[in-house]
Amino acid sequence: MKKSLGARRFIYPLPVLMVGSYDENGNPDVCNVGWGGICCSTPPCVTIGLAHGRKTLANIRASQAFTVGIPSASQEVEADYFGCVTAKVVPDKIEKAGMHAVRSEKVNAPVIGEFKLTLECKVVEMHELGSHIQIIGEIVDAIADEEILNEEGGVDIAKLDPILVDPSADTYHRVGERIGKIFCDGLALKK
Ligand SMILES: Cc1cc2nc3c(=O)[nH]c(=O)nc-3n(C[C@H](O)[C@H](O)[C@H](O)COP(=O)(O)O)c2cc1C
């Protein structure tokens, strides 16, 4: 028997994304974003949802650019902090977390050096949805620390060790074990 749970935001798991932006004075900000992901293959695009009032939203409206850092499980405390404090009140929140921002070489947004993987994005569309504004950014480049790369030059998910969110329990999680291969295992059912 299925039970209706109402119109709730159940997608499991959610990624933890660290959205970096500059304010009008060039001060870097980082904001924890759970409402986000990849939304187009070609051109490669990300979608993020930002609530009205976020400093990060005002920053991106002005700069038309942002970065998406992928934090590792060892950085869970810093990642949560970036979701607990606003740069409107704590303008040096990055330094307070012991992290460091440098200017992206590709877009007008900061790269947090401590995150091992970062997407550099330019805004292509913004949509007013209600409580949140959907921002779609084209990925101009992805930069990674060599230590998380595999032999083929891709990212090794175990070395990156990204953080996942359970949106109904408000808890952070780690990625579990590999269970299969994309575009491969399903072929067993293809007649
Ligand atoms: C796990 C987590 C996920 C969050 N997801 C979002 C989100 O998707 N969109 C959003 O606008 N705020 C989200 N927040 C809240 C912002 O990160 C928080 O308000 C932050 O302080 C905003 O910083 P800013 O005002 O400097 O941009 C999230 C917070 C946490 C802890």
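## Exercises around Ala79 and the ligand shell

Ala79 sits in helix α2, which spans residues 76-84. Keep in mind that this is a predicted model.

**Exercise 1.** Decide whether Ala79 is buried or exposed.

*Solution.* Start with the count: 23 other C-beta atoms lie within 10 Å of Ala79. Next, recall the cut-off: a residue is buried if 20 or more other C-beta atoms lie within 10 Å of its own. Ala79 is therefore buried.

**Exercise 2.** Find which residues Ala79 is in contact with, leaving aside its neighbours within four places in sequence.

*Solution.* Begin with Val16 and Met18, then add Asn32, Pro71 and Ile163; these are the contacts of Ala79 beyond its sequence neighbours within four places. Now look at Leu17: its C-alpha atom is 8.5 Å from that of Ala79, although the two residues are 62 apart along the chain.

**Exercise 3.** Work out which residues have the most contacts inside the largest nonpolar core, and follow Ile112 outward.

*Solution.* The largest nonpolar core has 34 residues, and Met18, Val19, Val68 and Ile112 have the most contacts inside it. From Ile112, trace its contacts beyond four places in sequence: Met18, Gly20, Val30, Gly69, Ile94, Met99 and Ala101. Met18 is in this list, and Met18 is also in contact with Ala79.

**Exercise 4.** Describe the shell around the ligand: which residues are closest, and which elements give two or more residues?

*Solution.* The ligand is surrounded by 19 residues, with Trp35, Lys55, Thr56, Gly83 and Thr86 the closest. Elements giving two or more residues are β3 (28-33), β5 (45-51), α1 (55-63) and α2. The largest share, 4 residues, comes from β3. Finally, sort the shell by class: 8 nonpolar, 6 polar and 5 charged residues.

Notes:
Residues are numbered from 1 along each chain as its sequence is written. This is a predicted model: local features need pLDDT of at least 70, side-chain atom pairs count only at pLDDT 80 or more; totals for chains, interfaces and linings use all residues. A residue is buried if 20 or more other C-beta atoms lie within 10 Å of its own, exposed if 12 or fewer, and partly exposed in between; C-beta atoms are placed from the backbone. Two residues are in contact if their C-beta atoms, placed from the backbone, lie within 7 Å. A nonpolar core is a set of buried Ala, Val, Leu, Ile, Met, Phe, Trp, Tyr and Cys residues joined through C-beta atoms within 7 Å. A residue is near a molecule or strand if its C-beta atom, placed from the backbone, lies within 6 Å of it. Ala, Val, Leu, Ile, Met, Phe, Trp, Tyr, Cys and Pro count as nonpolar, Asp, Glu, Lys and Arg as charged, and the others, Gly among them, as polar.
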